[in-house]
Amino acid sequence: QLQLVESGGGLVQPGGSLRLSCAASGFILNYYAIGWFRQAPGKEREGVSCITSSGGTTNYGDSVKGRFTISRDNAKNTVYLQMNSLKPEDTAVYYCAAVKVLSSFGQTRCIMTGLGPGYWGQGTQVTVSS
């Protein structure tokens with residue numbers, strides 16, 4: 001059974017930074033593309049970023065481009081989301097999940113669509129407020 005555990009959330013002032021971690025247990029994270037998603041109260045879940053299993057390709061949502069950076073350390077079985085220049089509208093519960101990939105013309109890219117219900121973490125709260 002896959003288990004993903006998010007950590008690193010908290011309260012931060014606007015303009016501040018946080019680094020979220022997504023750790024895997026019970027399986028080897030290296031085999032999966034991983035994505036970060038968020039859901040704010042009353043809003044639909046939004047894809048934030050994803051990274052392929054090798055770490056060679058990343059993808060970002062328009063609202064976080066230039067501010068967030070996704071990375072992974074396969075030796076530590078962990079994916080990270082570095083969040084800089086945080087804004088109040090970044091407030092949400094952040095989830096990591098194994099995501100789908102598309103391959104064409106010899107290139108593989110991740111898409112921000114989860115593999116299914118069993119491939120999600122429980123989430124970590126990020127609150128950006130003064």
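**Entry 1: Cys-50 and its partner**

I began with Cys-50, which is buried, at 0% relative accessibility. Worth jotting down at once: this is a predicted model. I then asked which cysteine Cys-50 is bonded to. The partner is Cys-110, and the two sulfur atoms sit 2.2 Å apart. I looked up the twist as well: there is 90° about the S-S bond, and the link of Cys-50 and Cys-110 is right-handed. Cys-50 belongs to strand β5 (residues 46-51) and Cys-110 to strand β10, so this bond ties together parts 60 residues apart in sequence. Cys-110 comes out at 1% relative accessibility, so I have it down as buried, the cut-off being under 20%.

**Entry 2: the other disulfide**

How many disulfides does the whole structure hold? My search turned up two. Note to self: a disulfide is a covalent bond between the sulfur atoms of two cysteines. Besides the pair above, Cys-22 and Cys-96 are joined, with 2.1 Å between their sulfurs. Cys-22 is in strand β3 (residues 18-25) and Cys-96 is in strand β9, so the bond ties together parts that lie 74 residues apart in sequence. The link of Cys-22 and Cys-96 is right-handed, with 75° about the S-S bond. I checked burial for each end: Cys-22 is buried at 0% relative accessibility, and Cys-96 is buried at 0% too. Counting bonded cysteines along the chain, I get the pattern 1-3, 2-4.

**Entry 3: what β9 pairs with**

Cys-96 had put me on β9, so I went through the pairings of that strand. With β10, β9 pairs in the antiparallel sense over five bridges. I noted two positions here: Leu-102 stands opposite Arg-109 in β10, and Ser-104 stands opposite Gln-107 in β10. β9 also pairs with strand β4 (residues 33-39), antiparallel, over seven bridges. In that pairing I picked out Ala-33, whose bridge partner in β9 is Val-99. Then there is strand β11 (residues 124-128), which is antiparallel to β9 over three bridges. Ala-92 has Val-126 in β11 as its bridge partner.

**Entry 4: the β9-β10 turn, and another positive phi**

How many residues lie between β9 and β10 in their hairpin? I find two. Phe-105 is in that turn and has a positive phi of about 50°. I flagged that angle since Phe-105 is not a glycine. Next I wanted to know whether Phe-105 is buried or exposed. Phe-105 is exposed: its relative accessible area is 87%, and the cut-off is over 50%.

I also flagged Ser-85, where phi is near 50°, again a positive value in a residue other than glycine. Ser-85 lies in the loop between β8 (78-83) and β9 (92-104). At 39% relative accessibility, Ser-85 counts as partly exposed.

**Entry 5: Leu-81**

From that loop I stepped back into strand β8, where Leu-81 is placed. At 0% relative accessibility, Leu-81 is buried. What does Leu-81 touch, leaving out residues up to four places away in sequence? My list of contacts has Leu-18, Arg-19 and Leu-20, then Trp-36, then Val-48 and Ser-49, then Phe-68, Thr-69 and Ile-70, and finally Tyr-94. I also looked up one C-alpha distance: Leu-81 and Gly-35 are 46 residues apart along the chain, and their C-alpha atoms are separated by 9.5 Å.

**Entry 6: the largest pocket**

Last stop was empty space. Rolling a probe the size of a water molecule over the atoms shows where such space is left. The largest pocket holds about 160 Å³. Which residues lie nearest its centre? I wrote down Arg-38, Ala-40, Lys-43, Glu-46 and Glu-89, out of 13 that line the pocket. Sorting the lining of the largest pocket by class, I get eight charged residues, three polar and two nonpolar.

Conventions:
Residues are numbered from 1 along each chain as its sequence is written. This is a predicted model: local features need pLDDT of at least 70, side-chain atom pairs count only at pLDDT 80 or more; totals for chains, interfaces and linings use all residues. Side-chain values use heavy atoms; hydrogens and water are left out. Helices (H or I, at least four residues) and strands (E, at least two) are DSSP runs, numbered from the N terminus. Buried means under 20% relative accessible area, exposed over 50%, partly exposed in between (1.4 Å probe, protein chains only). A disulfide is a pair of cysteine sulfur atoms within 2.5 Å. Contact means heavy atoms within 4.5 Å. On a 1 Å grid over the protein atoms alone, a cavity is a set of points where a 1.4 Å probe fits but cannot get out, and a pocket is an open set with protein on both sides within 12 Å along at least five of seven lines; lining residues have an atom within 4 Å of a point. Grid points are joined across faces, edges and corners, and a volume is the space filled by probe spheres set on the points. Ala, Val, Leu, Ile, Met, Phe, Trp, Tyr, Cys and Pro count as nonpolar, Asp, Glu, Lys and Arg as charged, and the others, Gly among them, as polar. Two strands pair if DSSP finds at least two bridges between them.
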